[in-house]
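Here is an informal walk through one protein model, going from strand pairing to charged pairs to empty space. Have the structure open while you read.

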Amino acid sequence: MTIEQDKPVPLAVIIGAHGVTGEVRLKLFCDSLDSLKAHKTFNAGALTLKSVKPHKMGAIARIAEITDRNGAEAARGTELTVPRSALPELDEDEFYHIDIIGLRCVSDAGEELGTIFAIYEFGAGDVIEIERANGRKFMVPVKAIDMRADPAIVLADFVEPQ
């Protein structure tokens, strides 16, 4: 799998305003608040993280460039990204979600399945959603898919019929 080192990787997305002073609510895509705090600037330097604290739905952050509630509301949907090269190296069996979204999938029986559309983290284990060429989607547990190469190989027992 070829990985573009300077491809922007989203660590969080602004989901709304928090209060009237410009704080924003964040949905985190990283494993912890510390992963977000490790970076001071986002979006190629356009956004500067001043502070961040945990919240029941993710985090609350103060961003220097957002100074009031209107600015916070206007920023809704903005992803906080860093270059892929700024992230820690991974072990051989680990991956960043952004690295596998769009990865082509085939079954171990040779059937063309589509591409990885999304990854969902549930308590019992992660699930991969695959989108077929016709737009239909189905899910498989991470344990049923080998993503170490392109295309990813999905165990046929977990493939839903078209």
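Let's start with the sheet. Six strands form an open sheet with mixed pairing, and their order across the sheet is 10-9-8-7-12-11. The edges belong to strand 10 and strand 11 (145–146), each of which has a single partner strand, so one side of each is left without a neighbour in the sheet. Keep in mind that this is a predicted model.

**Walking across the sheet**

Begin at the strand 10 edge. Strand 10 covers residues 137–141 and pairs with strand 9 (residues 125–131) in the antiparallel sense, with five bridges between them. One of the contacts to look for is Ile130, whose bridge partner in strand 10 is Phe138. Strand 9 and strand 10 also make a hairpin with five residues between the strands. In the turn of that hairpin, Gly135 has a positive phi of about 95°.

Next comes strand 8. Strand 9 and strand 8 are antiparallel too, and seven bridges hold this pairing. Ile130 turns up again here, since Ile116 stands opposite Ile130 in strand 9. Put the two pairings together and you can trace a line across the sheet: Ile116 sits opposite Ile130, and Ile130 in turn has Phe138 as its bridge partner.

Which strand does strand 8 meet in the antiparallel sense over three bridges? The partner is strand 7 (residues 104–107), while strand 8 itself spans residues 112–122. Cys105 stands opposite Gly114 of strand 8. Strand 7 and strand 8 form a hairpin with four residues between the strands, and in this hairpin Gly110 takes a positive phi near 95°.

The sense of pairing then changes from what we saw between strand 7 and strand 8, which run antiparallel. Strand 7 and strand 12 (residues 152–154) pair in the parallel sense, again with three bridges. Val106 has Ile153 of strand 12 as its bridge partner, and Ser107 stands opposite Val154 in strand 12.

**Charged pairs**

As background, side chains of opposite charge can pair when their charged atoms come close. This structure holds seven salt bridges. Three of them, with their closest N-to-O distances, are listed here.

| Salt bridge | N to O distance |
|---|---|
| Glu23 and Arg62 | 3.7 Å |
| Glu112 and Arg104 | 2.9 Å |
| Arg148 and Asp146 | 2.9 Å |

Take the Glu23 and Arg62 salt bridge, with its closest N and O atoms 3.7 Å apart. This pair links distant parts of the chain: Glu23 is in strand 2 (residues 23–28) and Arg62 is in strand 5 (residues 58–63), 39 residues apart. Is Glu23 buried or exposed? Glu23 is buried, because its relative accessible area of 13% falls under the 20% cut-off. Arg62, at 22% relative accessibility, counts as partly exposed.

For Glu112 and Arg104, which meet in a salt bridge of 2.9 Å, both ends are in the partly exposed class: Glu112 has a relative accessibility of 41% and Arg104 has a relative accessible area of 37%.

Arg148 and Asp146 also meet through their side chains in a salt bridge. Arg148 is exposed, with a relative accessible area of 63%, whereas Asp146 is partly exposed at 30%. Salt bridges that share partners also build a network, and the residues joined in it are Glu23, Lys53 and Arg62.

**The cavity**

Rolling a probe the size of a water molecule over the atoms shows where empty space is left. How many cavities of 30 Å³ or more does the structure hold? There is one, and the largest cavity has about 40 Å³ of space. Its lining consists of Arg132, Arg136, Lys137, Phe138, Glu160 and Pro161. Sorted by class, that lining has four charged residues, two nonpolar ones and no polar ones.

Phe138 ties the cavity back to the sheet: it is one of the lining residues and also the bridge partner of Ile130. Arg132, another lining residue, lies in the loop between strand 9 and strand 10. Despite being in a loop, Arg132 is buried, with a relative accessible area of 6%. The Arg132 side chain makes a polar contact with the side chain of Glu111 at 3.3 Å.

How values were computed:
Residues numbered from 1 in each chain as written. Predicted model: local features only at pLDDT ≥ 70, side-chain atom pairs only at ≥ 80, totals over all residues. Heavy atoms only, no water. Pairing = 2+ DSSP bridges. 1 Å grid on protein atoms, 1.4 Å probe; cavity = no way out; pocket = protein on both sides within 12 Å on 5 of 7 lines; lining within 4 Å. Points joined across faces, edges and corners; volume = space filled by probe spheres on them. Nonpolar A, V, L, I, M, F, W, Y, C, P; charged D, E, K, R; others polar. Salt bridge = Lys/Arg side-chain N within 4 Å of Asp/Glu carboxyl O. Buried < 20%, exposed > 50% of the residue type's maximum accessible area, 1.4 Å probe, protein only. Polar contact = N/O pair within 3.5 Å; in protein donor to acceptor, adjacent residues only side chain to side chain.
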